[in-house]
Amino acid sequence: MPIIAALLLAPLAALHASDSNPSVTPRDDTTGRVPGARAELEKGRSLPPRSPLRVADFGAVGDGVRDDGPAIAATFEAAKADGVPSIVVFEKKTYRLGDNPAAWHYFQIVGHEDLAIEGGGATLLCPEGNLAFHFDGGRDITVRGLIFDTIQPSFTQGEVVAVDGSGTLDVKIMEGYPEPPDEAFLAANGHRAHGGGGRHMIVFERGGGARNMRMRDDHLYIRNITRVSPGVFRFHVKEDYLPSFKGVSVGNWVSYGFNKARLPAAVLAAKDKSRSIYAQIAADRVENIAFEDIDMFGSINGGIRVSDMPGDVTLRDVRIIRKPGTRNLLSTISDALHLMNIRGRVIMEDCVVEAPGDDCLNIGAQRENIVELAASDRRTVTLRSTDNRYYYYTIREGDRLQFLDTASNRVLGVRTVTAVAFDRRKLTHTVTLDQEVPGLDPKTTQAMNLNQITKSTVIRNNTVTPYMRHALLARAQNMTIEGDRLDCSRGGVIGLNLSYASGQDDARLWNVRVAGNTFMCPDNVGLVAWRPYQDEDGGPDARNIEIIGNVFQVGSAKAIRIRGVRNLRVEGNRFENKGMAVEQTSKFVEIADCSGLPLKDQ
């Protein structure tokens with residue numbers, strides 16, 4: 001049987017594991033390349049790229065009807081098989097993907113090296129039960145020129161037709177949007193009506209031009225959904241969200257993200273065994289990955305997620321937006337960009353992000369909780385990440401861990417890891433430190449890996465428009481944020497948040513430059529860096545932050561709120577109200593517990 005035909009007839013699981021496919025050349029166990037390629041690399045010889053591999057040659061049709069997934073998967077396997085730099089080429093067509101019953105991501109791209117995916121304007125059309133790519137391991141991968149869309153939206157939306165003061169709202173679902181799961185389906189499958197990954201409701205003004213900002217919160221958790229009549233559903237608001245519910249009125253438009261809540265429990269159980277469950281494009285442990293000229297109009301949950309990255313992450317001309325030509329209230333139902341635990345550099349340039357169901361950009365590092373402190377040797381500590389479900393995290397020998405006492409907001413010290421063991425079942429790292437940490441109390445202490453807060457970060461010339469949460473939740477060291485347009489006038493809560501978030505993720509904030517940006521946040525905070533932690537000497541742990549030459553469009557809220565920064569420079573910023581310069585700027589600026597030059601030439 002010809003090789004191409006064999007690949008096309010193979011089950012999808014076999015395409016994801018080339019060792020079981022006799023038509024694929026065996027790979028070297030340590031490099032993922034064929035043995036001859038490894039020998040050439042060890043001799044220091046570069047490998048020439050092969051001719052482009054076209055998905056059409058492996059049977060992909062691109063008519064938007066047939067399942068092109070197996071053919072595309074076969075192309076990726078062929079790209080990996082011979083170990084030389086490879087280019088996978090699509091045509092400007094619509095490639096529909098079927099279902100991968102064993103994983104959330106249809107394509108499991110494991111251990112690929114020197115791979116370029118050239119979309120050429122192609123659209124990948126994803127089903128209700130699958131995301132697109134999970135890159136696991138490997139190095140030097142580029143994804144360019146693809147459009148990611150869904151067969152139907154992963155959320156419903158409609159108009160509020162009735163409101164009850166007890167905490168219910170009736171919503172008439174708009175034509176073209178799927179119905180939400182009702183009480184019977186939720187109960188039968190053990191699903192909650194609320195949860196992470198975008199399973200919540202957002203309330204918009206009629207027409208969807210802005211979020212309903214009369215509400216106290218930017219979203220609602222739903223405890224139950226019942227069917228009222230054909231096309232009309234009653235959403236029962238969770239009790240602790242009732243204070244926010246008071247701002248909802250008839251005529252508001254709402255969105256409600258599913259995040260898998262419409263799928264049977266058995267489907268979830270099978271797919272949840274896969275190594276990644278989140279984001280249309282996910283990448284873990286890849287040394288150098290780039291996303292260029294990407295359009296994304298939908299996802300089961302988030303947009304692009306990376307974690308535990310040993311190298312650089314680059315995003316250029318990435319657009320995660322409401323699908324043009326539709327009334328979609330959301331782009332993705334959860335975070336658009338979630339970049340965590342990165343050892344290399346991050347570059348985000350010339351991107352456009354609008355209307356995700358959570359943060360537009362979240363960059364930082366996961367904190368570690370202390371599971372156990374060895375009684376026999378207090379240098380031996382067992383740690384577990386605050387979030388092991390969405391993110392991967394690896395501690396290495398030589399890593400420097402910063403220990404933080406969350407009760408007193410003090411840095412207890414920075415220690416070097418001299419030995420480490422990972423327990424895969426418990427998802428814990430047991431580390432040996434070069435020195436004991438004085439005052440370490442497992443109940444109140446967390447650790448942060450200073451080697452995973454990026455070497456440097458550049459966020460430049462982007463347009464970011466949140467309708468809830470943050471435009472940029474950015475915590476990294478050696479960070480430059482310049483030339484960006486952050487528009488929170490549609491309902492975003494904060495333009496740029498440099499603060500510690502929710503007891504889970506953060507970074508040591510050293511050497512940050514915020515320059516030449518435009519903050520359109522008249523009713524919400526433009527920039528906040530609320531840093532309560534003090535270092536071992538009793539001074540602010542955050543240091544060397546410059547906020548210079550920005551434009552803040554102000555209204556009723558503070559434009560700048562900063563606390564706890566050593567060596568702060570804030571100068572040359574302009575404050576405007578309805579296009580006119582504001583002379584008395586003090587009421588828009590709050591600075592406390594900082595040293596340096598807090599205000600100059602405003």
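At 37% relative accessibility, D350 counts as partly exposed, because the partly exposed class lies between the buried limit of under 20% and the exposed limit of over 50%. This aspartate makes a friendly entry point to the structure, which is a predicted model. D350 is found in the loop that links β20 (345-349) to β21 (352-354). Its backbone also deserves a look, since D350 is not a glycine and yet has a positive phi, near 55 degrees.

N567 offers another case of this kind. Its phi is positive, at about 65 degrees, although N567 is not a glycine. The residue sits in strand β41, which covers residues 565-571. With a relative accessibility of 43%, N567 counts as partly exposed.

Stepping back to the whole chain helps to place these details. The protein chain holds seven helices and 45 strands. Of its 602 residues, 57% are buried. Among the contacts in the chain with a separation of 6 or more, 72% are between residues 24 or more positions apart.

How are the strands of the six-stranded open sheet ordered? The order is β11-β14-β9-β10-β13-β12, and the pairing is antiparallel. The edges of this sheet are formed by β11 (201-204) and β12 (222-229), each of which pairs on one side only. From one strand to the next, the twist averages 35 degrees. As general background, strands of a sheet pair through backbone hydrogen bonds, either parallel or antiparallel.

At the β11 edge, the partner is strand β14 (residues 253-257), and the two run antiparallel with four bridges between them. Within this pairing, F204 of the chain stands opposite W253 in β14. A short way along from F204 comes R206, in the loop between β11 and β12. R206 is exposed, with a relative accessible area of 57%, a class that applies because the value is over 50%. Which residues does R206 contact, leaving aside its neighbours within four places in sequence? They are E159, G251, N252 and W253. W253 thus appears both as a contact of R206 and as the residue opposite F204. For G251, the separation along the chain from R206 is 45 residues, while the C-alpha atoms of the two are separated by 5.9 Å.

Parallel pairing can be seen around strand β15 (residues 281-284). Strand β7 (residues 131-136) is joined to β15 by four bridges, and these two strands run parallel. Here D136 is found opposite D284 in β15. β15 also pairs with strand β17 (residues 304-309), again in the parallel sense and over four bridges. In this second pairing, A282 has R305 in β17 as its bridge partner.

The side chains of β15 can be followed one by one. In a regular strand, side chains alternate between the two faces of the sheet. In β15, I281 and A283 point one way, whereas A282 and D284 point the other way. Are these four residues buried or exposed? All are buried, D284 included.

Antiparallel pairing returns at strand β26 (residues 428-433). Strand β23 (residues 380-385) is joined to β26 by four bridges, and the two run antiparallel. V381 stands opposite V431 in β26. β25 and β26 are paired in the antiparallel sense too, over six bridges. In that pairing, V417 has L433 in β26 as its bridge partner. β25 and β26 form a hairpin with four residues between them. Within the turn, L427 has a positive phi of about 55 degrees.

The hairpin leads on to the second largest pocket. Rolling a probe the size of a water molecule over the atoms shows where empty space is left. The second largest pocket has a volume of about 490 Å³. Among the 20 residues that line it, R275, Y392, F422, R424 and L427 are the closest to its centre. L427, then, is both a turn residue of the hairpin and one of the lining residues closest to the pocket centre. Which strand gives the most to this lining? The strand is β25 (residues 410-423), with three residues. Sorted by class, the lining consists of nine nonpolar, four polar and seven charged residues.

Terms used:
Residues numbered from 1 in each chain as written. Predicted model: local features only at pLDDT ≥ 70, side-chain atom pairs only at ≥ 80, totals over all residues. Heavy atoms only, no water. 1 Å grid on protein atoms, 1.4 Å probe; cavity = no way out; pocket = protein on both sides within 12 Å on 5 of 7 lines; lining within 4 Å. Points joined across faces, edges and corners; volume = space filled by probe spheres on them. Nonpolar A, V, L, I, M, F, W, Y, C, P; charged D, E, K, R; others polar. Pairing = 2+ DSSP bridges. Axes fitted to C-alpha atoms, helices over the stretch in contact; angles between N-to-C directions. Buried < 20%, exposed > 50% of the residue type's maximum accessible area, 1.4 Å probe, protein only. Contact = heavy atoms within 4.5 Å.
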